Amino acid sequence: MRISQLHLLLALEKYGSFSKAAKEMFLSQPYISATIKDLEDEVGFQIVERSNRGVHFTLQGTLVLEKAHTILDEMDAIYKLRSSAVEKGLARKLRVVGAPFFCNMILADTLASLAKEIEDFEFDLRHAQGGGLLKPFSFGEADVAVILASDDNEIGFMAEIQRYDLKYVTLYTDEMCHIVRKDHPLCQLSEVTLDDIAKYPQVFQFDSLVDFNLLIYQKHGYRGKPMVIENIVTLLRYLTVSDAVTFFVPQVFENFSYDTKELQAIYPTDFRSQSKVLCVYTKEVEFFVENYFIPALNRACCKCKNR
């Protein structure tokens, strides 16, 4: 039995259907259905009944729901005790989530700095991608996240931040660019447009970027099937040996200089997209994050910019 399963039970109680719960929690309906089915298989009885009118809890399911409320309320009480310890500098672990390239660069520098500054303080760092970056907050499994919010996902991120009652600080903003090899035909043009870019294969690091940008490229004549290469180093090296184009964050691109000497950033004249790097955190760790973690993050960002 997992805490995340108990959270989903409360979501079903609140929203009354799998579809509404999936929408509000930014999860897929099949995922919620499978998760609840796993829980039912584990306890050995049916917890919820599904009908055209929504979800109803069985008699035994109602008892499970009551226990879920009790368990999660007790966990909240524990987190409040932990919050007080963090504010007093007594906590021993901060749970941090970030996209892979932030974990490898900015967060690695941040945690190394804090490890020297704060004696006996531990950090749990893990990576997630796209819409999954804030999901650990819904299950009480994260204290801080560093995320990249761009035009395609900012509204969704802000909705989740509000839903989970989180705080955030914008670390820096940047303009998204396209990356190609330096001898790419696009680099020979005095001005580049989306019509020009749409003539070449597209490759992305995340599925979420495909969903947003593919529609834009298709309007300009793109008819291919984009690739997704999640490993950033592999993606950049692939660009050096192909005619592919990728949509990227300049600062992240510049920090992989050992892999990007043969690559170049281009900015279409008819397309602009801003990105923001946000530090998102719970109110329980507000004191520590604002007084220690964010200053260390800012130092790491400046270090990245000056590399």
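This report walks through a few parts of the protein shown above, from its overall make-up to one helix, one sheet and one aromatic pair.

The model is predicted, so to speak of a local feature a pLDDT of at least 70 is needed, side-chain atom pairs count only at pLDDT 80 or more, and totals for chains, interfaces and linings use all residues. Residues are numbered from 1 along each chain as its sequence is written, and side-chain values use heavy atoms, with hydrogens and water left out.

**The whole protein**

The secondary structure comes to 13 helices and 12 strands. Here helices (H or I, at least four residues) and strands (E, at least two) are DSSP runs, numbered from the N terminus. Of the 307 residues in the protein, 49% are buried. Buried means under 20% relative accessible area, exposed over 50%, and partly exposed in between, with a 1.4 Å probe and protein chains only. A contact means heavy atoms within 4.5 Å. Among contacts with a separation of 6 or more, 73% come from residues 24 or more positions apart.

**Helix H3**

Helix H3 covers residues 29–43, and its 15 residues reach 21 Å from the first C-alpha to the last, close to the 21 Å expected at 1.5 Å a residue. That expected span is 1.5 Å times one less than the number of residues.

Which residues of H3 are buried? They are Ile32, Thr35, Ile36, Leu39 and Glu40. These residues lie on the same side of H3, because they cover an arc of only 140 degrees around the axis; the arc is that of the directions from the helix axis to the C-beta atoms. An α-helix has 3.6 residues a turn, so residues three or four places apart point the same way. The buried residues of H3 pack against helix H1 (3–15), helix H2 (18–24) and strand E1 (48–51). On the face turned away from the buried side sit the exposed residues Pro30 and Asp41. After H3 comes Gly44, with a positive phi near 90 degrees.

**A sheet of five strands**

An open sheet with mixed pairing has five strands in the order E9-E8-E10-E7-E11. Strands E9 (227–228) and E11 (263–266) stand at the edges with a single partner strand each, so one side of each has no neighbour in the sheet. Helix H11 (residues 232–239) packs on the sheet, touching E7, strand E8 (202–204), E9, E10 and E11.

Strand E7 is largely enclosed by the rest of the structure, because five of its five residues are buried. Cys177, Ile179 and Arg181 point one way from E7, and His178 and Val180 the other way. In a regular strand the side chains alternate between the two faces of the sheet. Two strands pair if DSSP finds at least two bridges between them. E7 (residues 177–181) pairs with E10 (residues 245–248) in the antiparallel sense over three bridges, and four bridges join E7 to E11, also antiparallel. Some partners of E7 residues are listed here.

| Residue in E7 | Residue opposite | Strand of partner |
|---|---|---|
| Cys177 | Phe248 | E10 |
| His178 | Phe247 | E10 |
| Arg181 | Leu263 | E11 |

**An aromatic pair**

Rings of Phe, Tyr and Trp (its six-membered ring) pair if their centres lie within 6.5 Å; planes under 30 degrees apart count as stacked, over 60 as edge-to-face and the rest as tilted. The count comes to three aromatic pairs. One of them, Phe288 and Tyr292, is stacked, at 5.2 Å centre to centre with 20 degrees between the planes. The two residues are four apart in helix H13 (residues 286–305), so about one helical turn separates them. Phe288 is buried at a relative accessible area of 3%, whereas Tyr292 is partly exposed at 31%.

Notes. Axes are lines fitted to C-alpha atoms, for helices over the stretch in contact, and angles run from 0 to 180 degrees between N-to-C directions.
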